[in-house]
Each structure stands twice: as structure tokens, then as C-alpha cells.
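Here is a brief report on one protein chain. It starts with a single residue and then widens to the whole fold.

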Amino acid sequence: QAQLVESGGGLVQPGGSLRLSCAASGSMFSIYTMGWYRQGPGKQRELVATITSTGGTNYEDSVKGRFTISRDNAKNTVYLKMNSLKPEDTAVYYCNARRTWEDMYWGQGTQVVVSS
């Protein structure tokens, strides 16, 4: 079925930046709400940010002003630009595509480690 391929994770120092990318297969990308979720050590998976088919965005309070979600429908790709990274941002980050709650797909996850 639909496939989501993530890239851009890695090790970064506190205060640094990373940009995550998620490339989606299929021809219906433009109608999906896209999102990023994360799961830190010993924590539940949580919403980071979403972007609708029309460009509306939503962010978790802890990342507001630091992270920016964007999408390029021509490339079937969603991005998460992360600035001013903190150790508490350390997590596995997952890409999500959702048309309905039943029509939803997840990426494999990419590790982000923020540490000195």
C-alpha cells in the first residue's frame, strides 16, 4: 500500500538544527494531512506537528517557535525543520499520512539524538 520513507535524523548538539524529510508514494498525497510524531525514551508517542492538505499547521506546545512543518506536493514530501534543539527533543520521529482515521499510514521512524 502507501509507503513513507523518512530521512534526516542523526546526532546533533543542543542548540543545533536538523531537517527531517518524509517522501510518500502514491498519487493522492495532496489530499492527506501529514504529520510528525515522536517517541522519546520511556515515553508515549506524541504529536509534534501536522499540516493539512491546504497548508494549515498545528504544533505541540513544546516545539512552537522552534519547529516548522512544511510540504511540497509536487515532490510528495513533508519536512520538519527543527531549530534550537534541546536534549528533551531526543526521540524516534515518525512520519504520518492521514486521510481519515481509518486511512492512515506510518513511516519506519528516524532517530534524533540531541546531546553534547
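## Thr-77 in strand β8

Thr-77 belongs to strand β8, which covers residues 77-82. The model is a predicted one. Thr-77 has a relative accessible area of 8%. That is under the 20% cut-off, so Thr-77 counts as buried.

The side chain of Thr-77 has a polar partner in the backbone. One of its polar atoms lies 2.8 Å from the backbone oxygen of Lys-75. Setting aside neighbours within four places in sequence, Thr-77 touches two stretches and one further residue. Ser-21, Cys-22 and Ala-23 are among its contacts. Ser-70, Arg-71 and Asp-72 are contacts of Thr-77 too, as is Phe-29.

## Thr-110 in strand β11

Another threonine can be read in the same way. Thr-110 lies in strand β11, which runs over residues 110-114. The relative accessibility of Thr-110 is 11%, so this residue is also buried.

Here the backbone partner is a nitrogen. The backbone nitrogen of Gly-9 sits 3.4 Å from a polar atom of the Thr-110 side chain. Gly-9 also appears among the contacts of Thr-110 once neighbours within four places in sequence are left aside. The others are Glu-6, Leu-20, Ala-91, Val-92 and Tyr-93.

## The fold as a whole

Which elements make up the protein chain, helices or strands? The chain has 11 strands and zero helices. From the N terminus on, the order of elements is β-β-β-β-β-β-β-β-β-β-β. The radius of gyration is 13 Å, close to the 13 Å that the globule rule gives for 116 residues, so the chain is as compact as a globular protein of that length.

The C-alpha trace spans about 40 × 25 × 20 Å along its principal axes. Consider contacts in the protein chain with a separation of 6 or more. Of these, 53% join residues 24 or more positions apart.

## Burial, surface and charge

Buried residues account for 44% of the 116 residues in the protein chain. Thr-77 is one of the buried residues, and Thr-110 is another. The chain exposes about 6,100 Å². Carbon and sulfur atoms supply 47% of that exposed area.

How many side chains are positive, and how many negative? The protein chain has 12 positive and 9 negative side chains. The centres of the two sets lie 4 Å apart.

Technical notes: Residues numbered from 1 in each chain as written. Predicted model: local features only at pLDDT ≥ 70, side-chain atom pairs only at ≥ 80, totals over all residues. Heavy atoms only, no water. Helix = DSSP H or I, 4+ residues; strand = E, 2+ residues; numbered from the N terminus. Buried < 20%, exposed > 50% of the residue type's maximum accessible area, 1.4 Å probe, protein only. Polar contact = N/O pair within 3.5 Å; in protein donor to acceptor, adjacent residues only side chain to side chain. Contact = heavy atoms within 4.5 Å. Rg over C-alpha atoms; globule rule 2.2 N^0.38 Å. Areas by Shrake-Rupley, 256 points an atom, 1.4 Å probe, with all protein chains shown as cover. Lys, Arg positive; Asp, Glu negative; His and termini not counted. Charge placed at Lys NZ, Arg CZ, Asp CG, Glu CD.
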